[in-house]
Amino acid sequence: MPGVDGFIYPNEVELQWSVLIVLYPFLTGLVAGAFILASLERVFNVAAVRPTYRLALLTALAFLLVAPLPLQMHLGHPERSFSMYLTPHRESAMAMFGFVYLWYLMAVLVLEIWFDYRKDLVLAWRASRGLKRKLYGVATLWSDNISEKALRVDDRIGRFITIVGIPSAFLLHGYVGFIFGSVKANPWWSTPLMPVVFLFSAIVSGIALVLLIYMALCRIRRVAIDMPCVDTIARYLFYAFLIDFSLEMLDLIHRLYEADESLRALDFMVKTRLFVSQIVLQILLGTLLPIALLAMVQLLRFSERTRRAIYAAAGALTLVGILAMRWNVVIGGQLFSKSFLGYTTYKMSFATREGLLPAILILILPFVILAVLIKVLPPWTGGGEEKPVKA
Amino acid sequence: MDCRERASQVSRASGRLRVEGASASLAGAAAEAGRTTSPGQDCRAPTARPPERSGDHGVPASDGERGSGGTKSPGQEINRRAFLEQAGRFIILTGAASLAWDYVLAGTPQAAPNYVATDHWWGMIIDIDKCIGCGNCVRACKAENDVPTDEPGCYRTWVERYQVRPNDMEHPIVDSPNGAYDGFPEIDKPGDGVKVFFVPKLCNHCAHSPCVQVCPVGATFESPDGVVLVDKDRCLGCRYCVQACPYGCRYIDPRTHTVDKCTLCYHRITKGLTTACCEACPTGARQLVDLKNPADPVHEFMRTHKVHVLKPNLATGAKAFYSGLDGSVR
Amino acid sequence: MRERFRHVEHVFRAALLFVGGFALFLVVRWALVPADFGVYGFYRAGALADNQALPLRYAGQAPCLDCHADVAETRKDSRHARINCEACHGPLARHATGDFEIKPKALNPRLLCLQCHTQALGKPATLPQIVAVDHAPEGPCIACHKPHRPKID
């Protein structure tokens, strides 16, 4: 059979989970990571990252709204997906997805954004006319209460929501790791480390994303990039990366040392079918190089311009690396047979329902939504003073 | 032993081949049971019991056809027609579930059946030493259950051929061309001293099934009589169960976009028939067994043979028991 | 009273929205979940019935022998005695239930017999095996071996 090496069970010839399922953990990871960055300021009072606080929340929202889309496009019967809310099987990690997602979207993210933006929304409601006025009215639930007392209440509630939001973000992406990590039939996935690895790689990717978006938007708006802000973000990115890399190395070393039945099959797979995506993209370019770049910044002095370039490069490489990591987990876990005696190939189509084209469009869509959100809920008015960039 | 039990044993016993010279085996014990009734004996005389309760031999027309023409004796005519009327019969549970039974009845006009699910706990015994790799079971399954034959990766059951070199259990050469739908081609260059055998595989109908565990909406489940089934009306096609099955026995039906797999011919075994694969096996390598039936030969077989399940380290509670399974089998 | 809670009225409105949404969800759930769900386990009880109501294509041994008792007699102590009729003749439920327009397909002896009897590694020694080109290649198997009683006396 073309594309098959060795022996695979006859039903394993085609992969079950496609590139769309690769996107889902990538998108929710970005959400969790962006939220953790926002919580740095709100809960841990890291004032330096304040300029990115609202931007991080909006980024999280934009990506969270798109996250179910690849799943729906993958399902054989997307019209039945609501059954996960009607009859959720409590033993299934995937069943809990609906509720964790809904909780995080409504009770954490939307509420936090609402409480933080409420004053601006009320002011906009008062100042606008016509359709815009109606929409802002809905957004404020027709309450124009922005007294000092009310705003203090908002602040306290917002802080509380962020505190609840941190474990919620852990849960949102940790359970995705658990969905893979709890499948005892698949040794590439089955490890208790999986939720933790997913979580820390999510934090890494989310921080990198907000960093890049912030720097890009500053450029577009011609304002100066707040260097203490991005320096701090880069530092946290570095710390998170160290933890993430350690966890992944721990998993690898553990596998190599125990050398159980599956290792031979997995080892061969990594060296052949997954070489580019795992060794080159994920480990070398996506992890070691960004860590090296960020380490350099921590250890040596560079000019602001150089630092900005390093952050941009490190951020971009990080995102590529984390996307590659999701690919290696999802696709890699299906390339080898559960008989451990053979391999199949992933034939990714282009313009079909689960092909590369929808995958690319799904990756672009959150940025479009983010652009709309930034227009409607400008993140700049809540922040610190901004300096225009020198011409 | 009442007429019905004898009849169902006949229908299952007749699927076993007594291989000459073989030691007392499942086939032998079953043959004994079967021989208490000769095939032509009519234990379904209409006067023996009401027609509604008959039908152990009679078979409704396939493809939902309900006619019953042709020339037959009146006794057979009544039994067959009565059975045909109950072609969609259901199960009944005793005691507390009888209230719940009303809900089931509410959606189904047919009369109550004679199959009590909790009296049964289905499994299968596969005797590796008897399998000759003819592929009859694969063909029969596809015919009985309308499984696609021209789409890749749609197999409810399949047969694997193992070539195990001496002292090299970890690297068997395995093949399963088209799931053995057309049998096996000759081995090109058999090595010296290589051990060759065939392993039929199917859904193991695990008692602690990982596929049931991961289904998010309860679309796959284990029936009260131990058969893991799929609810085609609720399945989302998320494929999580396909990932969770360690044995690779699930697949997506490209026509319905839902998950499909071996149902242990549930529509047959609940009517006293045996599965299509067991029916078609010429050597008796595959045997349907009812672990709750004290008269089932499986108990004697398990006492006298060493049986194995696939991937026991995963503790799935698999109910496909292999006799003569080699350590190289994956 | 209203004045005391004026500064948190928006919180109450948001809370009301959430409670309302949850209530709506409960109503939808009550309406959409099938009545027979969860009766025997975490599944729809009707699925058992759905799986039982599938058509039969194989009749099983007994109905064949009911009408074809002569074959039963021939086969009784032959080496093919324990092979079910449909293992060779194919699924015949429709024929067995009276649709005699449906007849068993004419079998190609060379293909059918060789499926089991062609010599191959992995088959037990007790199974008679031949190499087709060496064993009477000119004629069909049934020229010498009657399928219901294959041993040549």
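A salt bridge here is a side-chain nitrogen of Lys or Arg within 4 Å of a carboxyl oxygen of Asp or Glu. The exercises below apply this to a predicted model.

**Exercise 1.** State how many salt bridges a search of the whole structure finds, then examine the one between A:R42 and A:D116.

Solution.
- Step 1. Over all chains, the search gives 36 salt bridges.
- Step 2. The side chains of A:R42 and A:D116 are 3.9 Å apart, N to O, and the cut-off is 4 Å, so the pair counts.
- Step 3. This pair links distant parts of the chain: A:R42 belongs to helix 1 (residues 19-42) of chain A and A:D116 to helix 5 (residues 93-127), 74 residues apart.
- Step 4. A:R42 has a relative accessible area of 9% and A:D116 one of 17%. Buried means under 20%, so both residues qualify.

**Exercise 2.** Locate the two ends of the salt bridge between B:R330 and A:E261, and classify the accessibility of A:E261.

Solution.
- Step 1. The closest N and O atoms of B:R330 and A:E261 are 3.2 Å apart.
- Step 2. The pair crosses between chains: B:R330 is in the segment after strand 11 (320-323) of chain B, and A:E261 is in helix 10 (residues 261-271) of chain A.
- Step 3. A:E261 has 39% relative accessibility, which makes this residue partly exposed.

**Exercise 3.** Decide whether C:K76 and C:E73 are buried, partly exposed or exposed, and then name the residues joined into one network by salt bridges that share partners.

Solution.
- Step 1. C:K76 and C:E73 form a salt bridge through their side chains at 3.2 Å, N to O.
- Step 2. Exposed means over 50%. C:K76, at 57%, is therefore exposed, whereas C:E73, at 48%, is partly exposed.
- Step 3. Salt bridges with shared partners join A:R42, A:R54, A:D116, A:D120 and A:D155 into one network.

**Exercise 4.** Describe the surroundings of A:T140 and A:S143, leaving aside residues up to four places away in sequence.

Solution.
- Step 1. A:T140 sits in the loop between helix 6 and helix 7 of chain A. A:S143 is found in the loop between helix 6 (130-139) and helix 7 (148-181) of chain A.
- Step 2. A:T140 is buried at 0% relative accessible area, and A:S143 is buried at 0%.
- Step 3. A:T140 is in contact with A:W114, A:L121, A:V122 and A:W125.
- Step 4. A:S143 touches A:R118, A:V122 and A:W125 in chain A, together with C:E9, C:H10 and C:R13 in chain C.

Terms used: Residues numbered from 1 in each chain as written. Chains lettered and ligands numbered in written order. Predicted model: local features only at pLDDT ≥ 70, side-chain atom pairs only at ≥ 80, totals over all residues. Heavy atoms only, no water. Helix = DSSP H or I, 4+ residues; strand = E, 2+ residues; numbered from the N terminus. Buried < 20%, exposed > 50% of the residue type's maximum accessible area, 1.4 Å probe, protein only. Contact = heavy atoms within 4.5 Å.
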